[in-house]
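Student: I should like to work through the packing in this model, one question at a time.
Tutor: Certainly; please examine the display before we begin.

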Amino acid sequence: MVSLKATVVRPETLPTGLYRAPPVDIGIGCLRLKPAHGDYPGLRRMCGGRPSEGVPVTVDGGVTGQTPGGDGVVAHEVWRRFGAVEALRGVNFTAAYGEVTGMVGPNGAGKTTLFLVLATLLAHDSGQVWVGGFDPAHHAGAVRDQMGWVPDAFGFYDNLTAREYLTFAGAAYGLGRAAKDRAEELIGVARLKEFSDQPVHVLSRGQKQRLGFVRALVHSPRVLLLDEPAAGLDPYSRVELRALVRQLASDGAAVVVSSHVLSDLEQMADRVVFFDRGVTVGERRIDDAVRVSGPRVWRVWALNAADLVAALDRHGYVHTPPTALGVDVELDSDVAAAGLIAGLVHDGVQVVSCAPLTSTLEATYLQLTGEQA
């Protein structure tokens with residue numbers, strides 16, 4: 001799997017003629033680089049070591065404190081307005097190192113706006129934000145050094161090959177001669193070896209999605225921001241994505257994932273924060289969500305529909321008319337579902353399946369947003 005070990009870039013490893021001015025020591029053995037032909041923000045990167053968790057780091061003459069609580073991402077009472085529209089209205093959010101934190105909410109809830117603030121691409125109006133211990137508004141370079149960003153829509157240099165695209169990204173992050181080796185490693189992770197010398201524009205949407213994802217890993221970030229990373233992926237690639245995200249978190253990264261595919265989040269997130277209309281309306285750990293899910297509709301299917309309906313009526317269950325898919329029954333809990341199955345089997349009903357129509361995560365989300373209505 002992909003290593004999150006930091007790479008310290010030394011002056012002697014940089015391509016000759018690419019950079020001007022001596023490197024500036026910022027206190028953690030890293031370099032601040034400037035292109036030889038103009039000042040291009042996309043190429044201005046800090047490269048090398050990562051600030052240790054909880055250790056103050058000097059940047060540009062100022063000292064930043066550690067992230068409150070030692071988390072990879074912290075947002076406290078964050079507001080962002082676009083004219084009269086309040087996209088973020090006092091959002092509170094944290095994402096711990098070593099965990100996958102999910103963001104769930106309807107379109108317009110403010111998730112992408114918060115992502116843009118965390119990714120240094122949008123200034124917030126008020127509140128406090130830390131990413132890897134740094135304030136994105138004042139130390140964008142330090143944040144970008146240790147943050148990987150996967151937006152919901154990628155922009156590519158279509159005339160570059162996949163290998164060239166990743167090598168260029170590595171060079172932009174100051175990997176020097178190591179950029180080519182890193183590109184080869186990530187091409188393998190993305191399963192794009194047979195397309196590595198093809199122009200990016202010939203890749204399918206799913207292949208571009210995989211390429212964009214591994215591009216975010218090129219500098220071994222400690223914080224990953226993933227906005228709808230499974231969009232356009234085939235089922236096999238989605239399984240791989242979930243495994244890779246879990247591995248990155250196990251290796252110590254703080255991973256933030258926004259997705260409308262709640263079944264994916266249930267399988268890869270440790271904790272989920274729920275958003276609605278610009279505010280955080282609640283949060284749950286995945287194992288807790290199972291216990292607080294509340295009433296849900298369960299679909300029961302038996303070999304003989306008439307026997308099933310007769311047994312449900314006999315025990316006083318309110319249900320829908322039978323269809324080829326089964327009979328729907330609202331139950332208060334998993335314990336109630338287990339009791340229903342036991343009762344049906346005791347009555348001689350040949351039950352084939354009994355499953356909720358909504359996941360525990362979806363049920364929790366509907367509960368929380370309903371409370372805000």
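Student: At roughly what angle do the axes of helix H3 and helix H4 cross?
Tutor: This is a predicted model. Helix H3 covers residues 162-172 and helix H4 covers residues 178-189. Their axes come within 8 Å, and the crossing angle is roughly 130°.

Student: Why are H3 and H4 described as oblique to each other?
Tutor: Angles of 65 to 115 degrees count as roughly perpendicular and those over 145 as roughly antiparallel. The axes of H3 and H4 cross at roughly 130°. H3 and H4 are therefore oblique to each other.

Student: How do the residues of the contact of H3 with H4 divide into nonpolar, polar and charged?
Tutor: H3 contributes Arg163, Leu166, Thr167, Gly170 and Ala171. From H4 come Ala179, Lys180, Ala183, Glu184, Leu186 and Ile187. By class, the residues of this contact are six nonpolar, two polar and three charged.

Student: Which helix gives the most to the largest nonpolar core?
Tutor: That core has 48 residues, and those touching the most other members include Leu166 and Leu211. Leu166 also takes part in the contact of H3 with H4. The helix giving the most to the core, with five residues, is H6 (residues 235-250).

Student: With which residues is Leu211 in contact, leaving aside its neighbours within four places in sequence?
Tutor: Leu211 is among the core members that touch the most others. With those sequence neighbours left aside, its contacts are Phe156, Ala162, Tyr165, Leu166, Leu192, Val200 and Leu203.

Note on methods
Residues are numbered from 1 along each chain as its sequence is written. This is a predicted model: local features need pLDDT of at least 70, side-chain atom pairs count only at pLDDT 80 or more; totals for chains, interfaces and linings use all residues. Side-chain values use heavy atoms; hydrogens and water are left out. Axes are lines fitted to C-alpha atoms, for helices over the stretch in contact, and angles run from 0 to 180 degrees between N-to-C directions. Helices (H or I, at least four residues) and strands (E, at least two) are DSSP runs, numbered from the N terminus. Angles under 35 degrees count as roughly parallel, over 145 as roughly antiparallel, 65 to 115 as roughly perpendicular and the rest as oblique. Contact means heavy atoms within 4.5 Å. Ala, Val, Leu, Ile, Met, Phe, Trp, Tyr, Cys and Pro count as nonpolar, Asp, Glu, Lys and Arg as charged, and the others, Gly among them, as polar. A nonpolar core is a set of buried Ala, Val, Leu, Ile, Met, Phe, Trp, Tyr and Cys residues joined through side-chain atoms within 4.5 Å. Buried means under 20% relative accessible area, exposed over 50%, partly exposed in between (1.4 Å probe, protein chains only).
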